[in-house]
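The following exercises concern backbone geometry, a ligand site and the arrangement of domains. Each task is followed by a solution in steps.

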Amino acid sequence: MIDDIRLDSATPLQQQLYRQLSQRIIDQRYLPGSQLPSSRQLAADLGVSRNTVNAVYDQLKAEGFLQSRAGKGVFINEDICAALNQPTQAFTRTPGNTAPLPPLPVVPRHNLRLSEDANLPFQPGLPDLDAFPIRSWNRILHHQESRRLLRGYDCIQGYQPLRQAIAGYVQASRGVRCKEHQIIITNGAQQALSLIADVLLQPGDRIFCENPGYRGARYALSRHGNPLLPIPLRGQVLDVDVLADMGPAKLLFCTPTHQYPMGGILDIAQRMALVQWAQRNQTWIIEDDYDSEFHFHNKPFAAIQGLFDNTPVLYVGSFSKTLLPGLRIGYLIVPEPMVEAFLWAKRVTGGETPLLPQATISEFIESGQFARHLRRMRQLYREKWTYFQKLVLEELGGLVTPVAESAGMHLVLEGDFDDLDLSQQLRAKGFGSTPLSAHFIGETTRTGLVMGFASASEPQIAAGVSALKSLLLRN
Ligand SMILES: Cc1ncc(COP(=O)(O)O)c(C=O)c1O
């Protein structure tokens, strides 16, 4: 009965024979109760060793596809075929047909397939990967790698020395008021945002978001279907005054020390008004402090989390810009009474964060190399920004308007064009960017390109500007 098995040399023979036999039994091309040739016969027919056939028969017997009958030979199990033959309304199998899958999930409409070319020059959010001090990093990594302590489980909250190092860093450089046990290490800022949605949101709770704003936050915060309400900007910062007329909200997401993507900084009067509004309205502010290390116009402003004691602020930080996005390490700082709830949410969703990168970052900070690296990057990005801005003014004057505040690691070039189309055309030429319109909830009121210059070398900056110029002139 077996004359349709074909074996090749690409994969192990045993694996091929197993797959082909089991598939034919499932498809009922070999009928229930029918006898298979002896292993000696099949081995001779296929030109393989008898051991190979015996191993496959044994595996199929163990899984219930086949049965041995004493003194008679090997047969296809009738029970499994009976199970396959029971038609139901939703699941009817005919030989050779692929069964339909149960209902598939509804896929969000966002186009998230950045994938292969996510690291193009000018990709927003990407640091200079080549300027990373890989040798010193590797020295620390190798040292940490040999520690037995890092091979087992750790606590959900994250590696304690890293939390201690972060506490020291955010207190000194960002004015954050916290103790180490208020810090939860996360899988990037993105996990912190998702945890906030899990812990705080009840059906129907409203969420306010800066508009335009950070898409990653919108995706995470709307994951349970809560309504997102856009809060417009005034100039390049959140318009705090409109909040008074907006009614209640459970959460407000904002980037007060460097609005993403427009780059404005809320002044002290507006920050105080924002925190007081949140206190009056029982709203939690999510402060995403994603790249405040890189300010060129002013010294970085302190975080609003530290304005007063007990601000209703959930502070989100990340090493994606200051070190590398590939590490996927971020942190969430919450008021003490909320820590347990977040730890539970983290336990049931992601579990622990990998220990080795945490331990490496903590030694990198403690040894002073983090502060040195930030100083170097600040200088490097300032030079790139100056160069990029100069070329934009010289080459693209009249075609785009750079939003000066947005300097940090990216520059927004506003202009009256189809920014989605232009961004795609630029990508086809090997340069990243995101369309400004994609950062809006609802109606788009501004168009332009968000261009991350930090990841581009000077020759790439020049080539990117010239590619953009030719596209703008052609369109
Ligand atoms: C506004 C903003 N927040 C946070 C992040 C960092 O996200 P993650 O730590 O998940 O890489 C980014 C990265 O691009 C960002 O642009």
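**Exercise 1. Classify Q28 as buried or exposed, and describe its backbone.**

Step 1. Q28 has a relative accessible area of 14% in this predicted model. Step 2. Buried means under 20% relative accessible area. Step 3. Q28 is therefore buried. Step 4. Q28 is not a glycine, yet its phi is positive, at about 60 degrees. Step 5. Along the chain, Q28 sits in the loop between α1 (13-26) and β1 (35-36).

**Exercise 2. Repeat the classification for N310.**

Step 1. The relative accessibility of N310 is 70%. Step 2. The cut-off for exposed is over 50%, so N310 counts as exposed. Step 3. N310, which is not a glycine, has a positive phi of about 60 degrees. Step 4. The loop between β9 (284-288) and β10 (313-318) contains N310. As background, most residues other than glycine have a negative phi, and most peptide bonds are trans.

**Exercise 3. Locate the cis peptide bonds N211-P212 and Y260-P261.**

Step 1. The bond joining N211 and P212 is cis, with omega about 5 degrees. Step 2. P212 belongs to the loop between β5 (207-211) and α8 (215-221). Step 3. The bond joining Y260 and P261 is cis, with omega about 10 degrees. Step 4. P261 is placed in the loop between β8 (251-254) and α9 (268-281). Step 5. Y260 is also one of the residues that surround the ligand.

**Exercise 4. Describe the shell around the ligand and its polar contacts.**

Step 1. By class, the shell comprises four nonpolar, four polar and three charged residues. Step 2. Helix α7 (residues 188-200) gives the most to this shell, with three residues. Step 3. A polar side-chain atom of D288 is 2.5 Å from a ligand nitrogen atom. Step 4. For Q190, a backbone N or O atom lies 3.1 Å from an oxygen atom of the ligand. Step 5. A polar side-chain atom of S318 is 2.6 Å from a ligand oxygen atom. Step 6. On its own the ligand has 400 Å² of accessible area, of which the protein covers 90%.

**Exercise 5. Characterise the hairpin of β2 and β3.**

Step 1. Strands β2 (residues 66-69) and β3 (residues 73-76) run antiparallel and are joined by four bridges. Step 2. R69 stands opposite G73 in β3. Step 3. Three residues lie between the strands, and G71 takes a positive phi near 75 degrees.

**Exercise 6. State the separation of domain 1 and domain 3.**

Step 1. The domain assignment gives domain 1 (13-84), domain 2 (132-371) and domain 3 (374-474). Step 2. Taken over C-alpha atoms, the centres of domain 1 and domain 3 are separated by 62 Å.

Methods. Residues numbered from 1 in each chain as written. Predicted model: local features only at pLDDT ≥ 70, side-chain atom pairs only at ≥ 80, totals over all residues. Heavy atoms only, no water. Pairing = 2+ DSSP bridges. Helix = DSSP H or I, 4+ residues; strand = E, 2+ residues; numbered from the N terminus. Domains from an automatic or database assignment. Near = heavy atom within 4 Å. Polar contact = N/O pair within 3.5 Å; in protein donor to acceptor, adjacent residues only side chain to side chain. Areas by Shrake-Rupley, 256 points an atom, 1.4 Å probe, with all protein chains shown as cover. Nonpolar A, V, L, I, M, F, W, Y, C, P; charged D, E, K, R; others polar. Buried < 20%, exposed > 50% of the residue type's maximum accessible area, 1.4 Å probe, protein only.
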